[in-house]
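Could you help me find my way around this protein through a few exercises? I would like a task each time, followed by a solution that goes step by step.

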Amino acid sequence: MDKSLDPDLPTLRTEHSSWQTESRGKIIVLPSYPNAFIGRTRHIQAIGELLKEEDKRLITLLGPGGIGKTRLSVTIGKTLKTAFEHGVCFVPLDAVTDHEQVPLYIVQGLGLKGRQKGLWIPEILDFLQEKEFLLILDNLEQILESASFIDQIIRNCPGVKILATSRETLDLSYEIEYPLDGLNRPNPRIYPDPQGLLVFDAIDLFVQKARAARPDFQLTRENSRTVVEICQELEGLPLPIELAAARIKLFSPELILEQLQQSTNLLRTRSKDVISRHQTIRNTVKWSYDLLNAEEKELFQQLALFRSGFTLTAIESVCSHHDALEVVELFINKSLIVKGEEIAGIQRFRMLKVIRDFGLEQLADNPNRSDYNANFTAFFLDFLEEGNLKYEDAEQSKWIALVGAEYENLIATLEWLVGNRPEQAGRLGVMFWRFHLNRGFLREGLDMIETLLKLHLAEKKTNAQLLEGAGVIEQNLGNYLDAKDYLKRCLDLWRELRDKTEITKALNNLGWVEWRLGNYDQSISYSENAIALSGELGDLQAKAKSLNNLAWTYMSQGLFEQKEELQRQILEIHSTAGDEKGIAFAKTNLGWALLETGKITEAETLLEESVELYKKLQHQQLLTFTYAIKAFCLYEQQKPEEARELLEKYCLVHFERIGDVWGIALSLDKLGDIYWEADNWPDARSAFQKSLAIHLSTHSKYGAARSSLGLSRLQWADGEFAEAGRTLNTSLTLAAEMGANQLLAEGHFEWGKRHLNNSSHQIALTGFAVADHYAAKLGAYQYQRFFSRITAQIRQVKTDLKDGLAEFAVKSWKQQGIEKYLSGPISREDLERRIRNLLEAAPKTGSAPQAALEFMAGSGPFNQLPEEQEDYLVRQVRKVVEQRMSDRHFTVDNLCREIGISYSQLNRKINDHTGLSVNKYMVLLRLNRAKELLADPALTIAAIAFDTGFKDPDYFYRLFKKTFQMTPGEFRQAQLREK
């Protein structure tokens with residue numbers, strides 16, 4: 001490069017440490033950097049391809065300060081060194097304030113003489129005219145007038161391509177605008193393990209800069225989420241990320257994020273090799289702001305009010321007396337706003353956060369700021385009032401999407417109104433809380449309402465509507481008692497106002513909460529009153545909500561056929577009204593009812609239709625609920641692994657994000673069932689314990705009863721017999737309080753099985769009789785499933801007792817006072833005492849439990865399925881296991897192959913008929929055979945273990961004791977004593 005320029009002329013000033021040059025007729029003038037360039041691979045390739053096209057002569061990299069335009073342009077120049085025959089030259093223009101000086105800097109960059117100002121342009125054009133050359137002009141925003149000189153080069157030098165960087169376009173007709181956005185970064189809610197994060201350029205940059213400041217810095221599970229949030233907060237802008245990462249030597253990532261969320265003062269450096277406008281992010285934005293005229297600065301400050309971007313309509317209203325399209329073009333061309341997403345067919349624009357923060361700082365000193373805020377809040381109040389009318393109609397999904405896009409703007413509006421116009425703040429809250437419910441922003445919605453209620457607003461109607469919102473959201477959060485309190489206060493206000501429509505709604509809401517609490521009588525009372533009022537009003541939609549309350553109560557009581565009938569009525573009402581949300585909810589609920597009545601194919605179709613509707617409506621909470629019921633459907637279709645994956649990887653994730661504790665507990669309870677069936681006891685126990693904790697904290701009786709039942713099974717299986725008894729009694733007590741027939745049937749069946757295992761046959765039979773009583777109320781499908789399971793247990797009683805009860809005379813079941821146990825919780829001690837007394841009195845009175853005698857005589861409900869009609873598959877399994885009894889290597893897999901059926905199908909079938917997994921059923925068959933062999937005192941216990949297929953006599957000993965609550969030796973002694 002020629003260094004003979006006049007010493008009085010300005011020289012190149014650059015932040016770069018060295019230059020690369022080549023001779024032999026080729027010029028390569030590119031700065032070198034001490035650190036590697038990170039990311040932008042897609043942009044490097046795309047821009048390189050554009051520059052190779054013949055008609056692409058001028059490309060301008062656009063973007064705000066700190067986005068990395070300079071480094072990207074240099075990297076592109078390095079990749080294209082061989083593509084341009086005569087070379088590449090980088091010319092930094094950040095120090096130039098007079099556009100007439102631009103040719104001089106190019107002369108210097110090309111190594112030309114350039115001694116006279118008037119000859120700079122001709123000398124450049126003459127030099128480049130016959131060359132294939134790439135000229136990189138960096139930082140043109142402050143000297144846009146230089147576009148005329150750039151135009152001369154393009155028109156007179158056909159082999160020259162120009163790559164420019166600027167915060168503002170050059171406005172040449174052939175200019176290719178290439179706007180840059182932030183570096184790619186992951187979603188802070190869903191991202192891979194720490195090592196996987198390094199594929200994201202923003203994270204990689206942060207880590208490298210952090211290690212430069214503190215070499216021992218590592219990305220860990222503990223800090224990775226915070227690092228992701230920092231990069232999101234800074235919108236992937238390279239300079240702010242570098243400045244934030246450099247602070248790692250002083251602060252933890254958590255403190256860095258906290259400070260960034262309050263101000264950008266943290267984003268500064270004193271490094272001597274960094275130009276002044278990049279030493280703080282504020283200086284970087286100020287550079288662009290200072291280039292605006294007074295009117296543009298006013299507009300810039302008004303646009304800074306928009307937290308989540310804006311539309312052309314919003315600009316027209318807030319920035320009055322200005323053409324919205326011209327405003328957008330002006331600030332996009334200056335890289336002070338960027339194009340956002342198109343939502344519901346409407347284009348949005350936004351400011352990057354670091355730019356907006358600077359704008360708010362300037363607005364704070366503006367005497368017109370109060371007027372600007374008033375215009376801003378008036379627009380969004382009107383926006384909500386107009387859109388709120390669409391909440392219940394066919395425009396709902398579009399409305400929800402638009403409110404979602406304006407969410408942060410609406411929060412800003414609310415904050416200003418709370419401090420300045422509280423009554424209007426209340427109006428906004430009333431219109432806004434349903435969006436929070438729809439999108440699953442439950443905590444945020446409740447916080448908003450509680451803030452507004454503390455204002456003690458004068459308007460009773462507004463207070464009643466806010467109380468409704470608080471009650472509905474608290475109920476969705478699982479805080480049922482708090483929800484009940486809010487909704488009762490809401491009902492009282494509507495009664496004062498004598499508004500029957502709103503009274504009906506409040507009654508419905510209370511009916512729903514009482515159902516959640518397990519207070520079914522109160523729930524039915526509220527719902528029936530609401531039905532009566534909705535009938536007076538002719539309001540079918542309100543009636544549908546009341547019917548829905550009744551349907552869910554019926555479901556909890558095990559009245560599945562009645563639930564199905566009501567849900568069909570509800571679906572018809574919503575379908576007639578065209579209410580998409582109501583249709584979706586009714587289809588989900590009807591699908592659930594159909595699962596319980598055995599109509600799985602129809603249920604599956606309805607659930608798929610519901611999923612598509614909720615996706616359209618963007619209702620995440622109810623979509624997740626529908627997926628949970630879909631998992632139940634998969635479980636019923638004998639696809640437990642698919643059901644588990646859907647519950648674990650989708651439902652739990654979204655319910656937890658939303659804060660829907662009822663949904664979390666619902667998913668955990670079903671996961672507990674799946675784990676139990678798969679003999680995964682640790683995970684089953686964990687699932688039931690977690691769900692029980694939720695149900696207890698929310699005062700949900702039904703949930704607590706269901707979780708307790710599942711947990712009791714695990715406690716019993718693990719040998720915690722006393723604890724298992726207490727837990728089961730808790731479940732039965734709660735179920736009896738509610739009249740939950742399915743839980744009562746399951747609980748008493750479980751109670752009967754345990755006594756059968758203890759050889760307490762009369763007590764077991766009583767448990768099965770009580771279970772049968774409740775199961776008969778569940779409808780034909782559920783009763784048949786229950787009956788197929790209980791039959792095997794009753795046969796065991798018959799086998800064990802043989803003709804031992806034949807001497808007892810027949811007397812009616814009710815005369816023995818057994819009906820007491822059909823309406824209240826079972827007390828194990830009390831029932832044992834009563835039956836013991838009954839049996840002791842039998843020789844004198846000739847009395848015995850009627851069900852036992854009916855069974856022994858071959859009549860009654862337990863004999864509806866004759867022996868020869870026992871399920872063929874169960875008989876086949878028992879036959880095969882008995883044939884291979886002594887084969888210690890015979891496994892379930894061998895059994896499946898021998899019978900010719902998959903494990904999942906066999907397991908489900910055995911469970912339906914015996915209440916056991918196929919593994920446990922095989923073990924029980926072996927143990928029962930062992931009991932028979934123990935009657936022969938000549939056989940050793942070890943020999944019996946081997947003869948019944950156990951590889952380890954010690955394991956056989958422990959398992960026998962765990963199952964029958966006595967050791968093999970104790971059982972043998974008891975048998976000998978009886979003989």
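Below are six exercises with worked solutions on this predicted model.

**Exercise 1. The chain as a whole**

Find how many helices and strands the protein chain has, and what share of its residues count as buried.

*Solution.*
- Step 1: Begin with the secondary structure, which comes to 45 helices and 9 strands.
- Step 2: Turn to burial: of the 979 residues, 56% count as buried.
- Step 3: Now look at contacts between residues with a separation of 6 or more; 68% of these in the protein chain join residues 24 or more positions apart.

**Exercise 2. Following helix 29**

Work out whether the end-to-end distance of helix 29 agrees or disagrees with its number of residues, then describe its surroundings.

*Solution.*
- Step 1: Helix 29 covers residues 640–658, which is 19 residues.
- Step 2: At 1.5 Å a residue, helix 29 should span 27 Å.
- Step 3: The C-alpha atoms at its ends are 25 Å apart, which agrees with that expectation.
- Step 4: Look along helix 29 for a bend; there is one of about 35 degrees at Leu647.
- Step 5: Leu647 is also one of the buried residues of helix 29, and others include Pro640, Arg644, Cys651, His654 and Ile658.
- Step 6: Recall a general point: an α-helix has 3.6 residues a turn, so residues three or four places apart point the same way.
- Step 7: Among the elements that cover the buried residues of helix 29 are helix 19 (442–453), helix 28 (620–636) and helix 30 (661–677).
- Step 8: Just after helix 29 comes Gly659, whose phi is positive, near 95 degrees.

**Exercise 3. The nonpolar cores**

Identify which residues have the most contacts inside the largest nonpolar core, and which helix gives the largest share of that core.

*Solution.*
- Step 1: The largest nonpolar core has 206 residues.
- Step 2: The residues with the most contacts inside this core are Ile47, Phe300, Leu303, Phe331, Leu384, Phe432 and Trp592.
- Step 3: Helix 28 provides the largest share of the core, 11 residues.
- Step 4: Apart from this core lies another, of 35 residues, which includes Val91, Leu93, Val107 and Leu172.
- Step 5: Take Leu384 as an example: not counting residues up to four places away in sequence, Leu384 touches Trp399, Val403, Leu410, Leu428, Met431 and Phe432.
- Step 6: In general, nonpolar side chains of soluble globular proteins tend to be buried together.

**Exercise 4. Rings and charges**

Decide how the rings of Phe950 and Tyr955 are arranged, then find charged ends that sit over rings.

*Solution.*
- Step 1: The count of aromatic pairs comes to 37.
- Step 2: In one of them, Phe950 and Tyr955, the centres are 6.3 Å apart and the planes are at 55 degrees.
- Step 3: An angle from 30 to 60 degrees counts as tilted, so this pair is tilted.
- Step 4: Compare burial: Phe950 is buried at a relative accessible area of 5%, whereas Tyr955 is partly exposed at 40%.
- Step 5: Elsewhere, ring pairs link Trp512, Trp515, Trp552, Phe585, Trp592, Phe625, Phe632 and Trp662 into a cluster.
- Step 6: Over the ring of Trp662 sits the charged end of Arg516, 4.4 Å from the ring centre.
- Step 7: Arg71 lies over the face of Tyr33, at 3.9 Å from the ring centre.

**Exercise 5. Positive phi in two loops**

Locate Arg40 and Glu235, and say whether each is buried or exposed.

*Solution.*
- Step 1: Arg40 is in the loop between strand 2 (27–32) and helix 1 (41–52), and its phi is near 65 degrees.
- Step 2: With a relative accessible area of 4%, under the 20% cut-off, Arg40 is buried.
- Step 3: Glu235 is in the loop between helix 7 (224–233) and helix 8 (238–245), and its phi is near 55 degrees.
- Step 4: Glu235 is buried too, at 12%.
- Step 5: Continue into helix 8, where 7 of 8 residues are buried.
- Step 6: The cover over these buried residues includes helix 6 (201–213), helix 7, helix 9 (253–260) and helix 10 (281–289).

**Exercise 6. Around Leu607**

Find which residues are in contact with Leu607, leaving aside its neighbours within four places in sequence.

*Solution.*
- Step 1: Leu607 is in helix 27 (residues 600–617) and is buried, with a relative accessible area of 1%.
- Step 2: Its contacts are Thr588, Thr626, Ile629, Lys630 and Cys633, leaving aside neighbours within four places in sequence.
- Step 3: Leu607 and Thr626 are 19 residues apart in sequence, and their C-alpha atoms are 6.7 Å apart in space.

Key: Residues numbered from 1 in each chain as written. Predicted model: local features only at pLDDT ≥ 70, side-chain atom pairs only at ≥ 80, totals over all residues. Heavy atoms only, no water. Helix = DSSP H or I, 4+ residues; strand = E, 2+ residues; numbered from the N terminus. Expected span 1.5 Å × (residues − 1). Bend = angle between axes of the 7 residues up to and from the residue. Buried < 20%, exposed > 50% of the residue type's maximum accessible area, 1.4 Å probe, protein only. Contact = heavy atoms within 4.5 Å. Core = buried A, V, L, I, M, F, W, Y, C linked by side-chain atoms within 4.5 Å. Phe/Tyr/Trp six-rings, centres within 6.5 Å; stacked < 30°, edge-to-face > 60°. Lys NZ or Arg CZ within 6 Å of the ring centre and 35° of its normal.
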